[in-house]
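Biologist: Before we discuss this protein, please place the sequence and the structure in front of us. I shall then put my questions in turn.

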Amino acid sequence: MASQRSGSLSKRTGNKLHRQSLYVKQKREREKEKREARFRRKKEEDKEPELRRERVARNQPATIDRKRVWDDVDDDGLGASVDMEQLLKRRRLQQEEAEEMLVAGVEERDDDGGGDEDGHDEEDSMLGSDDEEEEEEESNEEAAAKARAKRVIRDDSLAPSTTSTNLDLTPESLVAKFPSLFSDDGPAEPQVLITTTLNSTLHDQASLLCTLFPNSTYIPRSGHKYGHKYSVREICKYAGNRGFSSVMILREDQKKPIGLDIVHLPSGPTFHFSISNWVEGKKLPGHGNPTNHYPELLLNNFKTPLGILTARLFQSLWPKTPELQGRQVVTLHNQRDYIFLRRHRYVFRDKRTTEKSVVGADGKELKGVESIRAGLQELGPRATLKLRRIDKGIGRAGSEGDDAVQWEWKAKMEKTRTRFNL
């Protein structure tokens, strides 16, 4: 009986002080076992690095992003959730297989046919001379398509990003549908006109957007009873005649920004975004003050045709050549169809003794930068955007036809939590 009582006291006892001391003792023993197991595992992994790679691959967290599903269709429309990189690779492989089969079939016919075609050479040459112009046009189109396909394969950088957006993956259907947005003849320094809804109170927020977008101008919009209430189409016509490339309309509710409409001039399309979590730069802890330098632009994780179209719109709002001496970078990071807008200033400094070296996407240290680290200071503003609708023309009123609304968000799209549109 005494031995049973002593055994039960080690797990459960009515004495509070004894119970606390037992709990502390058991906790220390558990931590000691974990620490010994950790050191033992480290020694084994130092001898065999393959064990560590297997453990890291096995212990990856099962997040929603890792569970993302794609549509198993050969479609590059705006409603399809397909990875454009994988889709173009699949199409390229199918095209190569078809060309190989065609070449094999031609060789078989040549072997079977023999020399029966010698008598028709003159007639074939006469017929071929009439179609030379059409063949030249087709060859030019094929050359342009091949040049676009070659740009898809980019050279690896020193530290390749796993989330950067490759706009060279743009499908031809999007280029044909939105030629003005994907044209290479656009201005090197875009001009943006920023305005608000009628009788808006968001003057400070609109002025703050002027610091975010270079070469932008804010014009207040009045709804006075004796004044003319300009429509969005009239404003876009005014802006197009004065060299502006885009128009932004900041929408508000209860004196807070809730939406942003972006019109690409001269004839659309129009993108409607909702805004949440708007934070001005002066309210951020440890914030910095922006300068007038052109920032660098980072577009992350836009993979579908709709995502590439959205990324192309954002790219058209900033100058193509950044001013690196300003050390400013604007990031638009897409995650689960929410676009996080951030602006930072970076600085390169010496690595402290307590910090680790910079590693690449493969987890290995980068050579040549072992003693360098990058520091970040957020400048603001900070916001979260979500795409709601894309109109073909200038707004819904300026779009006509069955395809007036190119894409629109609906609540049923989020019924499957592992399928995303961007």
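Biologist: In which strand is the place of Q406?
Modeller: This is a predicted model, in which local features need pLDDT of at least 70, side-chain atom pairs count only at pLDDT 80 or more, and totals for chains, interfaces and linings use all residues. Residues are numbered from 1 along each chain as its sequence is written, and side-chain values use heavy atoms, with hydrogens and water left out. Strands (E, at least two residues) are DSSP runs, numbered from the N terminus, as are helices (H or I, at least four). Q406 belongs to residues 405-408, which form strand 11.

Biologist: Is Q406 buried or exposed?
Modeller: Buried means under 20% relative accessible area, exposed over 50%, and partly exposed in between (1.4 Å probe, protein chains only). Contact means heavy atoms within 4.5 Å; leaving aside neighbours within four places in sequence, Q406 is in contact with L78, K177, F178, I390, D391 and K392. Because its relative accessible area is 14%, Q406 is buried.

Biologist: What pLDDT does the protein average?
Modeller: pLDDT is the predictor's confidence in each residue, from 0 to 100. It stays under 50 over residues 1-9, for which the model has one contact beyond four places in sequence, and also over residues 151-156, for which there are eight such contacts. Of the residues, 85% score at least 70, and the average is 84.

Biologist: Which helix gives the most to the largest nonpolar core?
Modeller: A nonpolar core is a set of buried Ala, Val, Leu, Ile, Met, Phe, Trp, Tyr and Cys residues joined through side-chain atoms within 4.5 Å. The largest has 48 residues, of which F273, L309 and F314 touch the most other members. With six residues, the greatest contribution to this core comes from helix 10 (residues 305-315).

Biologist: How many disulfides does the structure hold?
Modeller: A disulfide is a pair of cysteine sulfur atoms within 2.5 Å. C210 counts as partly exposed because its relative accessibility is 21%, whereas C236, at 3%, counts as buried. The number of disulfides in the structure is zero.

Biologist: Which residue of strand 3 is the bridge partner of T195?
Modeller: In a regular strand the side chains alternate between the two faces of the sheet. In strand 1 (residues 192-196), V192, I194 and T196 on one side and L193 and T195 on the other are all buried. Strand 1 runs parallel to strand 3 (residues 246-253), joined by five bridges. There, T195 has as its bridge partner I249.

Biologist: What is the handedness of the crossover from strand 1 to strand 2?
Modeller: Two strands pair if DSSP finds at least two bridges between them; strand 1 and strand 2 (residues 216-218) pair in the parallel sense over three. A crossover is right-handed if, with the strands pointing away from the viewer, the path from the first strand over the helix to the second runs clockwise. The chain passes through helix 8 (residues 203-212), and this β-α-β crossover is right-handed.

Biologist: Which residue of strand 10 stands opposite T270?
Modeller: Seven of the ten residues of strand 5 (residues 270-279) are buried, so this strand is largely enclosed by the rest of the structure. Strand 5 forms a hairpin with strand 4, with five residues between them, and pairs in the antiparallel sense with strand 10 (residues 382-391) over eight bridges. Opposite T270 in strand 10 stands D391.
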